[in-house]
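Me: I have a structure to go through, and I would like short answers with the reasoning shown. Here it is.

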Amino acid sequence: MTMFDNLKILYHQGKQFIPDVRTAKVPGIFRGRPVITSKSIDEQALVELCPANAISVRPVSIDLGRCTFCGECARCFPEKISFSTDYKISTNERERLIITEGDTNPIIVNPAAVRSEIRQLFSKSLKLRQVSAGGDNSCEWELNASNNVQFDMSRFGIEFVASPRHADGIVITGPVTGNMADPLQICYDAVPDPKIIVLVGTDAISGGGFADSPAIDRSFLDKYYIDLFVPGNPAHPLTIINGLLDLTREK
Ligand code: SF4
């Protein structure tokens, strides 16, 4: 291929990477942080239409740890609920994933709740082992995309490794099936201290549509401090990358 061919590709396709993942814009169809107005609506009908049991009332709120971002609530009650394109919805506080009407504040990683060793040790290099604990390969796919040429998470020193012995933490996807409970524990135990736990996607955060299934065993999650919740169904690479950056380094 000649240089002319390369220039032609650059001209037609533009940049092949996102120069700044902190300020990148996503298309308007993307559903990020919801905005809930104080308009009066039939709240019971709103609760009943949500397939994920993510909506509560008095006041109306959406739990992003349960929401599948299907958009049905916004489609049926546009005067009450809309979804912004704000993809920075990762947090280290589970309760911050509950968006209540009138709440337009950004969702943040609370620096006061970040364990001190995380920023001391992992601000320049973070190696992660991914555990798909009954996942459907959607969040796994987006984690993979986080390191593709477009999102290029490795430019920040954040990468996935094959062995938990080489990792600084684990990234869990899926609702944690009974069959994956032991392998998850074995993998976590193999990661040297100090180590972090990141939950990516609705299924990992709340069990999602499988929350009441007898086939899941989420006891592992009750035992340890969760360092980061990354909502989405699946989570967007920009949500994943910004969450990990906010967790591991100062702004
Ligand atoms: S977008 Fe979320 S809150 Fe709204 S109906 Fe779908 S799952 Fe429920």
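Me: Which helices and strands do the buried residues of helix 9 pack against?

Reply: This is a predicted model. The buried residues of helix 9 include P237, I240, L244 and L247. Their partners are two helices and four strands: helix 4 (116-122), helix 5 (138-146), strand 6 (126-132), strand 7 (158-160), strand 9 (196-200) and strand 10 (228-230).

Me: How many of the 12 residues of helix 9 are buried?

Reply: A residue counts as buried when its relative accessible area is under 20%. Polar and charged names such as N242 and D246 are on the buried list, alongside L238 and I241. Helix 9 is therefore largely enclosed by the rest of the structure, the count being 12 of 12.

Me: What distance separates the end C-alpha atoms of helix 9?

Reply: Helix 9 covers residues 237-248. At 1.5 Å a residue, its 12 residues should span 16 Å. The model agrees with that, the separation being 17 Å.

Me: What is the radius of gyration of the protein?

Reply: The C-alpha atoms fill a box of roughly 60 × 50 × 35 Å along the principal axes. For 251 residues, a compact globule would have a radius near 18 Å. The protein agrees with this, at 19 Å.

Me: Among contacts between residues at least 6 apart in sequence, what percentage join residues at least 24 apart?

Reply: The protein has 9 helices and 10 strands, and 47% of its residues count as buried. For the contacts you ask about, the share is 77%.

Note on methods:
Residues are numbered from 1 along each chain as its sequence is written. This is a predicted model: local features need pLDDT of at least 70, side-chain atom pairs count only at pLDDT 80 or more; totals for chains, interfaces and linings use all residues. Side-chain values use heavy atoms; hydrogens and water are left out. The radius of gyration is taken over C-alpha atoms; the globule rule is 2.2 Å times the number of residues to the power 0.38. Buried means under 20% relative accessible area, exposed over 50%, partly exposed in between (1.4 Å probe, protein chains only). Contact means heavy atoms within 4.5 Å. The expected span of a helix is 1.5 Å times one less than its number of residues.
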